[in-house]
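Dear colleague,

I am passing on the structure we spoke about, with the sequence alongside, and below it you will find what was found when it was examined. Please keep it open as you read, since the notes move from one part to the next.

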Amino acid sequence: MALIKCTECGNEISDKAEQCPHCGCPLIPLTKDGKKKDSPLSIVAAVLAFFSVAPYIGYAAFILAVIDLGLNNKKFRHLGSWFAIVFVIFILILTSM
């Protein structure tokens, strides 16, 4: 167990805590380079988007991405969800021509 500083109040807290016991600030899971981790649902949506040539898989990717963004979990990045939405819309436009 290591001690880290809270980003809000600066007090030392456990790195295993989900929020600061002093000010209540939620701790954000970061990668080793200091960036937010991707949401697991966002990753699934992005992977499904690659297979969106099959219509139902594309719809599933789009729905998962919208659900992930709707949850509004600020602990994670949602890059995969944005990718899935843009990619599925792009495929739909291409196939409708």
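What covers the buried residues of helix α1 includes α2, which spans 55-71, and α3, which spans 79-96; please bear in mind throughout that this is a predicted model. Helix α1 itself takes in residues 40-50, and the residues in it that are buried are Ser42, Ala45, Ala46 and Ala49. Seen down the axis of α1, these buried residues fall within an arc of 100 degrees, so they line one face of the helix. On the other side of α1 sit Pro40 and Phe50, both of which are exposed.

Two further residues of this helix deserve a closer look. Phenylalanine 50, which belongs to α1, counts as exposed because its relative accessibility is 55%, and the cut-off for that term is over 50%. Even so, phenylalanine 50 touches Phe83 and Phe87, if one does not count residues up to four places away in sequence. Its C-alpha atom is separated by 44 Å from that of histidine 22, and the two residues are 28 apart along the chain.

Leucine 48 also lies in helix α1, and with a relative accessibility of 25% it counts as partly exposed, since buried would require a value under 20% and exposed a value over 50%. Leaving aside neighbours within four places in sequence, leucine 48 is in contact with Ile57, Ala60, Ala61 and Leu64. Between leucine 48 and isoleucine 4 there are 37 Å, C-alpha to C-alpha, with a separation of 44 residues in sequence.

Moving on from α1, serine 52 has its place in the loop between α1 and α2. Is serine 52 buried or exposed? Its relative accessible area is 5%, and serine 52 is therefore buried, the limit being under 20%. Apart from neighbours within four places in sequence, the contacts of serine 52 are with Gly58, Phe87, Val88 and Ile91. The C-alpha atoms of serine 52 and isoleucine 85 are separated by 11 Å, while the residues themselves are 33 apart along the chain.

In helix α2 you will find aspartate 68, which counts as buried because its relative accessibility is 3%. With neighbours within four places in sequence left aside, aspartate 68 is in contact with Ser39, Leu41, Ser42, His78 and Ser81; of these contacts, Ser42 is itself one of the buried residues of α1. Aspartate 68 and tryptophan 82 are 14 residues apart in sequence, and their C-alpha atoms are 9.7 Å apart in space.

As for the chain as a whole, its secondary structure comes to 3 helices and 2 strands, and from the N terminus on the elements run β-β-α-α-α. The radius of gyration of the protein chain is 18 Å, whereas a compact globule of 97 residues would have one near 13 Å. Taken along the principal axes, the C-alpha atoms fill a box of roughly 60 × 25 × 15 Å.

Of the 97 residues in the protein chain, 24% are buried. Among the contacts in the chain with a separation of 6 or more, 40% are accounted for by residues 24 or more positions apart. The chain exposes about 6900 Å², and carbon and sulfur atoms supply 67% of that area. Finally, the chain has 9 positive and 7 negative charges, and the mean positions of the two sets are 3 Å apart.

With best regards

Terms used
Residues are numbered from 1 along each chain as its sequence is written. This is a predicted model: local features need pLDDT of at least 70, side-chain atom pairs count only at pLDDT 80 or more; totals for chains, interfaces and linings use all residues. Side-chain values use heavy atoms; hydrogens and water are left out. Buried means under 20% relative accessible area, exposed over 50%, partly exposed in between (1.4 Å probe, protein chains only). Helices (H or I, at least four residues) and strands (E, at least two) are DSSP runs, numbered from the N terminus. The arc is that of the directions from the helix axis to the C-beta atoms. Contact means heavy atoms within 4.5 Å. The radius of gyration is taken over C-alpha atoms; the globule rule is 2.2 Å times the number of residues to the power 0.38. Accessible areas come from the Shrake-Rupley method with a 1.4 Å probe; for residues, only the protein chains shown count as cover. Lys and Arg count as positive and Asp and Glu as negative; His and the chain ends are not counted. The place of a charge is taken as NZ of Lys, CZ of Arg, CG of Asp or CD of Glu.
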